[in-house]
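Got your viewer open? Let's take a short walk through this one, stop by stop.

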There are 2 protein chains.
Amino acid sequence: MRNIKVTLEYDGTHYLGWQRQPQGMTIQQAMEEALEKILGVRTRVTGASRTDAGVHARGQSANFQVESDLTPERLRGALNALLPRDIVVVESREVPPEFDSRFSALSKLYHYTIWNRSVRPAMFRQFMWHFRWELDLERMRAATPALLGRHDFAAFESANAQSETTVRTITRAEWMGNGSQLIFAIEADAFLYNMVRAIVGTLTDVGRGKIAPEAMPGIIAGANRANAGRTAPPQGLCLMEVRYDLPELPSATATEEQ
Amino acid sequence: MRNIKVTLEYDGTHYLGWQRQPQGMTIQQAMEEALEKILGVRTRVTGASRTDAGVHARGQSANFQVESDLTPERLRGALNALLPRDIVVVESREVPPEFDSRFSALSKLYHYTIWNRSVRPAMFRQFMWHFRWELDLERMRAATPALLGRHDFAAFESANAQSETTVRTITRAEWMGNGSQLIFAIEADAFLYNMVRAIVGTLTDVGRGKIAPEAMPGIIAGANRANAGRTAPPQGLCLMEVRYDLPELPSATATEEQ
């Protein structure tokens, strides 16, 4: 058995998220169905992140076990020929047997995109949160550094989650602005359920003047979801990268077909 | 009668371009149908550019005559409430009676986006041309300045066009690169039919090594479509702005609803 890791890009608009479920199509199911057609056997695919319905990815990671002699590059080509147009395998490689996309991850980087203009967007509207009220980016920037470091982030975990611990370490949190488009970049060792969306919702409350930037440390320390802001909608969220302790791939592997 | 100018943004994926036609829905028809519902009379909408099927716009301009007392801002709100989600009026203003979106235009700015990676894109794939073979951006940049200035651009006009003259003046032409994403910005007083797409197709032939950068002046001077390259597909093209000699709008008008 060989352990194959793939990097996936997807437009999550028409999927019920990563994880298989009876209500409709998911990214995991699309991957597993394509793999079964190629390999002739049911193959379980493990994803690094259980992205929600409507959430996108430029760099989701997943892995699976194969008996096949197909090279990772041929597997990628075969998958891309079978996968729907809104899912693609960007990279494929063999990894050590003990590698697990979810548990081997060192950190994950998400981007959350806000379109801050009174008029609704027409282009790219599936990839951002249209926030029609004016946001004060400087206030939001002032509130952001309180998130950095190791904290109990229970204030930003959705009610139904069942995490063993709500302590996480955020290593990067910053706002990038470009006219009407604001992008929040956040990286952590792991995230609680809906954590990025709850943080973004809270920071927009800061940007609108409903919450003072100075209140952020107290909101975190209180560990009470009710003190934080709303949960931002899914379509603004994109999983950009999952980092591992693996050697760099030679770039040649990325210059083939499909 | 008042003359109203609107600035439109649209995702052209599901439209047969700007101009009304029997085969299916167009941006012009969507605008005219929404206006008829609001005003109660058929209203002809003139567009600055007849964008093709699948072409997008961040800044198309259009104008129409109204008898109504609705302010331009109220008209914008009413239009945005009725227009489909992939079309939006970004700005609306009253202009002098002699203003015509098409004939008053001083220049138009287009962007053409190429996704230059071997693997097909999943996100934003409706907004770019996937070009799987490696492009040499320096070669493309070397070939670009020959386009600047006043020339007969017949070499880049599609066969069925019926322009009175094929002389145009290009005031800006440059490549902006960002990893796999290449954006070509081009501004001219006006464009021939399919001109931007023919220029982009030709420059990708330069980028692949099929045409020498030094051949560009000769291709232009030859005024023969057969000497230039292929026509790039529509979905990479976006009309960014149409410039006029009109006073700046106070920015307050852009901060209302919808």
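**Stop 1: two domains in chain A**

Select domain 1 and domain 2 of chain A: their C-alpha centres lie 27 Å apart. To colour them, use 2–104 for domain 1 and 107–240 for domain 2; such bounds come from an automatic or database domain assignment.

A quick word before moving on: this is a predicted model, where local features need pLDDT of at least 70, side-chain atom pairs count only at pLDDT 80 or more, and totals for chains, interfaces and linings use all residues. Residues are numbered from 1 along each chain as its sequence is written, with chains lettered from A and ligands numbered from 1 in the order in which they are written.

Now zoom in on where the domains meet. Here 13 residues of domain 1 of chain A are in contact with nine residues of domain 2 of chain A (contact: C-beta atoms, placed from the backbone, within 7 Å).

**Stop 2: confidence**

Colour chain A by pLDDT, the predictor's confidence in each residue, from 0 to 100. The chain A average is 94, and 96% of the residues score at least 70. Then select residues 252–258 of chain A, where the pLDDT is below 50; this stretch still has 15 contacts in the model beyond near neighbours in sequence. Where pLDDT is low, the predicted coordinates should not be read in detail. For the complex, the predictor gives an ipTM of 0.88 and a pTM of 0.92.

Terms used:
Two residues are in contact if their C-beta atoms, placed from the backbone, lie within 7 Å.
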